[in-house]
Amino acid sequence: MIRRQYKVGTFPNNLLISGQKWLILLSIILISLDFSNSSITCGPGIYSPGGTTPSGDVNIEYNSGTPLEIICNLNPNHELLQKILSGGTADDSKSKLLSQKIRFYKNDERVAKQYVSIINSTAAQLRVSNLLASSDVYTCMLCLDKNNHGVKLSKTADISSINMALRNSIMNTVGYRPDESLDTDIGVCLNNVNVGYKPLNVTNFTCTSNNWENLMCNWTKPENPIKTAYKVYFRLPGRGFSRSFTTCPTDSDVRENSCYWDFSTTPLYRQSYEYYYFTITGENALGKSSMQIRFHHYANIIPAKPTKIAAIDQTESSVKLTWSIGTMSFYSHGIVYKIQYKSQWDSNPEQWRTIIVNDKCNPQSTSHETDSAQDANCVEHDGDHHYFDVTGLKYPFARYDFRISLRTALAGGDDKWSAPGHITVHTKPTIPKRPPQTDIGSFQCVPSPSDKSKRDVLVYWQTIEDNEKCGESFEYIAYYVYKTEDEQTITRRSDETYKNYAKFNCLSTSIGYEFIVVSYNKEGFSTECSKVYVPSESDTLDKPTSLKKSVFDKQGIFELSWKGAADVQKLSTPNPLDYYTLFWCEKDTVHPQQCNGYMNWMHVPISVSRYNTTVFDNMEKYIFAISANSENPSRNGLDNLKASSSGMVWESCT
């Protein structure tokens, strides 16, 4: 059955409910005057020439088929109407015309005449069907248009003064009139009309326990033009709680759509229960509602971040961490840890390697999202001291940033992790990972200007990466070894050592030398070494000549051209064991024709005399060199190293 429901309230109080909309007091004035003895009134203490039925708020259920019906009744005995109607025609004709002057307004706009019907000489009815869901102010006003079909306005000065007083009071206390009303119109009464719904279920109901010490629940109140109040209750599982409902400690469920419990509230936060059973009730002028929610408490705990994080043991490839978790150390339903780390040498500084591990030791308890498996498969703990050994770290003598988060084993989703706790740790140093790289032709012989039997030899190498140095006091050490005719082994370190080459002074031109280069730091020497054999002058291959660089593009496209060795007999027949090495190296800032930076190279067949390639950098930074090489024993007659080279020839200055 369709029924209309109204909520009737004291009018002056209702005027304050809806903000600026209720500033529409219009011509209705609150003044301390004598009130009319008539029962037709807009409300107690309101000096108005009439009232509306129903009075106060009108609440209608949307789509229920119930129309909006408001009757505006005028009190012909009201002092104001008596002054307006005094004089002129007979009483009946005077009063008969009053209801024709009744106008209805919806907010600022006048309601069309088709929705208004005359009931009698002092009453008119507004009837509107199929209203949309909304909250509006409907105002009944009496039109005092001077061209009003025979209504004679008398005592003009008195009426004007009354209207002026009304208007001034309205402007001072309310400051608002319907835009389409006239200055001569007098307000009779108004209603706040709400077209909405019975209480709807709330949405987005969520509860979170912060560190297993409290519980905060929030929800979204559905849109409804009809004011609806929601309250939350919960009960706990078990026969003893089946009929016992716990309320919100304050009225925040009504005011703020939220509720909070902790150990100091009344009622208390109940920490030890895995499930809560919530009931949320809604109530408004149209009815009541109730919804039940089963809440998994332990799946919605967000722990506090770990504290007292420290490194208690380090090696060159592992760090053992310890930390505390406070209240959560008493939680017995399983905790999962997320341990993340990155090093100073990682190419992507925003990418963390991640280990997922829990506090229950079993073979399947550890998973790596971005790295290989660990030796341990769970977090060890002793009271509130928790331990985990992060192994397989790639870089010795490196800064590692670690962060540790945790969540309950029953929780899911990234939003349930705690905030991370942080620590920075350095892995221990070790010997360098490798020696610098060399090439068969990465040397240069400079004849002595004063002694043709002597020469200076420069041995070049490609430096290793900083993350391979692995310790303090890093340096490169170059030395040579040769045997004398009486089988004595001679070892000698370089006379000068630079970033990527070493210089040996006054070596014999008649002896072939084996040069050895190693990496060194305070922990010791690299386990491997690089070797460069510099043959005697007689066994040295002839050098290519006229090396020139033609730059096509400053972004790195260039062509190198050269002339082949003069001794065509040695390298005339194409052979895979005979080839050129093209070198490029960063220039020395002080001596531009000297290489003293990162060096790289490539091999090209002996049959070519020009080569196009690209250096992905500024070409002005580099100088170029070439060497002719042979690993063919039939070409050089070497029995031990079975290789020979011309050594490096630098590009010509053009």
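In this predicted model, the charged end of Arg235 sits over the ring of Tyr277, and a like arrangement places the charged end of Arg403 over the ring of Trp352. The table sets out the two contacts with their distances.

| Charged residue | Ring | Distance from the ring centre |
|---|---|---|
| Arg235 | Tyr277 | 4.8 Å |
| Arg403 | Trp352 | 4.0 Å |

Rings also meet one another, and the structure holds 31 aromatic pairs. One of them joins Phe205 and Trp219, whose rings are stacked, with 6.0 Å from centre to centre and 20° between the planes. This pair links distant parts of the chain, since Phe205 belongs to strand E11 (residues 203-210) while Trp219 belongs to strand E12 (residues 214-220), 14 residues apart. Phe205 counts as buried because its relative accessibility is 17%, which is under the 20% cut-off, and Trp219, at 6% relative accessibility, counts as buried as well. The two residues are also members of a cluster, in which ring pairs link Phe205, Trp219, Phe234, Trp261, Tyr276, Phe278 and Phe295.

Further along the chain, 4 strands form an open sheet in the order E28-E29-E33-E32, and their pairing is antiparallel. Strand E28 (443-447) and strand E32 (496-497) are the edge strands, each of them pairing on one side only. Within this sheet, strand E29 (residues 454-460) and strand E33 (residues 501-508) run antiparallel and are joined by 6 bridges; one bridge partner in E33 is Ser508, which pairs with Lys454.

Methods
Residues are numbered from 1 along each chain as its sequence is written. This is a predicted model: local features need pLDDT of at least 70, side-chain atom pairs count only at pLDDT 80 or more; totals for chains, interfaces and linings use all residues. Side-chain values use heavy atoms; hydrogens and water are left out. Rings of Phe, Tyr and Trp (its six-membered ring) pair if their centres lie within 6.5 Å; planes under 30 degrees apart count as stacked, over 60 as edge-to-face and the rest as tilted. Helices (H or I, at least four residues) and strands (E, at least two) are DSSP runs, numbered from the N terminus. Buried means under 20% relative accessible area, exposed over 50%, partly exposed in between (1.4 Å probe, protein chains only). A charge sits over a ring if NZ of Lys or CZ of Arg is within 6 Å of the ring centre and within 35 degrees of the ring normal. Two strands pair if DSSP finds at least two bridges between them.
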